[in-house]
Amino acid sequence: MNSAVYQKILKENVRLSVHDLKLKRTWVLQQDNDPKHTSKSTSEWLKKNKMKTLEWPSQCPHLNPIEMLWHDLEKAVHARKPSNMAELQQFCKDKDELTVVDGIIMKGHKAVTPQSLHKEYIYTVHRGHP
């Protein structure tokens, strides 16, 4: 995925999600420091579309819930021991219709955050915001 594809995903999904979640104008976009997130064109696109982003330290596993989710998912997959892609895909279907899209675990069109991380995630996202 490159910056243009990332921006297309944002364009097609962010406003819809903000509306569905009834976030009004108080929401802040969280993204890591992946090059497609921090590129000049993405930064300009975010500014043009008036999307606030959360400042995020690079390579900080304690503040990166996806790393913990990947660990949990790896353990679950390892326990199931799929031997091919079809078995792995069936495992994802068995897990509440989870899919992996460009490294993001999704349920439908929403990114998944494990329950065990909700408090930390919410604290991190809202720290410093009224």
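Helices here are DSSP runs of H or I with at least four residues, numbered from the N terminus. The model is predicted.

**Exercise 1. Place Ser 3 and describe its surroundings.**

Task: Find which helix holds Ser 3, decide whether Ser 3 is buried or exposed, and name its contacts beyond four places in sequence.

Solution:
- Step 1. Ser 3 belongs to helix H1, residues 3-20.
- Step 2. The relative accessible area of Ser 3 is 15%. Buried means under 20%. Ser 3 is therefore buried, given its 15%.
- Step 3. With neighbours within four places in sequence set aside, Ser 3 touches Pro 35, Lys 36, Ser 39, Ser 41 and Thr 42.
- Step 4. One polar contact joins side chain to side chain: Ser 3 to Ser 39, at 2.8 Å.

**Exercise 2. Look at the partner Thr 42.**

Task: Say where Thr 42 lies, what its relative accessible area is, and which residues it contacts beyond four places in sequence.

Solution:
- Step 1. Thr 42 sits in helix H3.
- Step 2. Its relative accessible area is 0%. Thr 42 is buried.
- Step 3. Leaving out neighbours within four places in sequence, the contacts of Thr 42 are Ser 3, Tyr 6, Gln 7, Lys 36 and His 37.
- Step 4. Cross-check the lists. Ser 3 has Lys 36 among its contacts, and Thr 42 has Lys 36 among its contacts too.

**Exercise 3. Treat Ala 4 in the same way.**

Task: Locate Ala 4, classify its accessibility, and give the C-alpha separation between Ala 4 and Ser 41.

Solution:
- Step 1. Ala 4 is in helix H1.
- Step 2. Its relative accessible area is 53%. Exposed means over 50%. Ala 4 is exposed, because it has 53%.
- Step 3. Ala 4 and Ser 41 are 37 residues apart along the chain, and their C-alpha atoms are 8.1 Å apart.

**Exercise 4. Examine phi in two loops.**

Task: Give phi, location and accessibility for Lys 22 and Lys 50.

Solution:
- Step 1. Recall the usual sign. Most residues other than glycine have a negative phi.
- Step 2. Lys 22 has a positive phi of about 55°. Lys 50 has a positive phi near 55°.
- Step 3. Lys 22 is in the loop between H1 and H2. Lys 50 is in the loop between H3 and helix H4 (65-80).
- Step 4. Lys 22 is exposed at 68% relative accessibility. Lys 50 is exposed at 73%.

**Exercise 5. Characterise the second largest pocket.**

Task: State the volume of the second largest pocket, its lining residues, the elements that give two or more of them, and the lining by class.

Solution:
- Step 1. The volume of the second largest pocket is about 190 Å³.
- Step 2. Its lining consists of Gln 31, Asp 32, Asn 33, His 37, Thr 38, Ser 43, Leu 46, Met 51, Thr 53, Leu 54, Glu 55 and Trp 56.
- Step 3. Helix H2 (35-38) and helix H3 (40-48) are the elements that give two or more residues to this lining.
- Step 4. Sort the lining by class: four nonpolar, six polar and two charged residues.

**Exercise 6. Summarise the whole chain.**

Task: Give the element counts and order, the buried share, the share of contacts joining residues at least 24 apart, and the accessible surface.

Solution:
- Step 1. The protein chain has six helices and three strands.
- Step 2. From the N terminus, their order is α-α-α-α-α-β-β-β-α.
- Step 3. Of the 130 residues, 25% are buried.
- Step 4. Take contacts between residues at least 6 apart in sequence: 58% of them join residues at least 24 apart.
- Step 5. The accessible surface is about 9,900 Å², and carbon and sulfur atoms hold 56% of it.

Note on methods
Residues numbered from 1 in each chain as written. Predicted model: local features only at pLDDT ≥ 70, side-chain atom pairs only at ≥ 80, totals over all residues. Heavy atoms only, no water. 1 Å grid on protein atoms, 1.4 Å probe; cavity = no way out; pocket = protein on both sides within 12 Å on 5 of 7 lines; lining within 4 Å. Points joined across faces, edges and corners; volume = space filled by probe spheres on them. Nonpolar A, V, L, I, M, F, W, Y, C, P; charged D, E, K, R; others polar. Buried < 20%, exposed > 50% of the residue type's maximum accessible area, 1.4 Å probe, protein only. Contact = heavy atoms within 4.5 Å. Areas by Shrake-Rupley, 256 points an atom, 1.4 Å probe, with all protein chains shown as cover. Polar contact = N/O pair within 3.5 Å; in protein donor to acceptor, adjacent residues only side chain to side chain.
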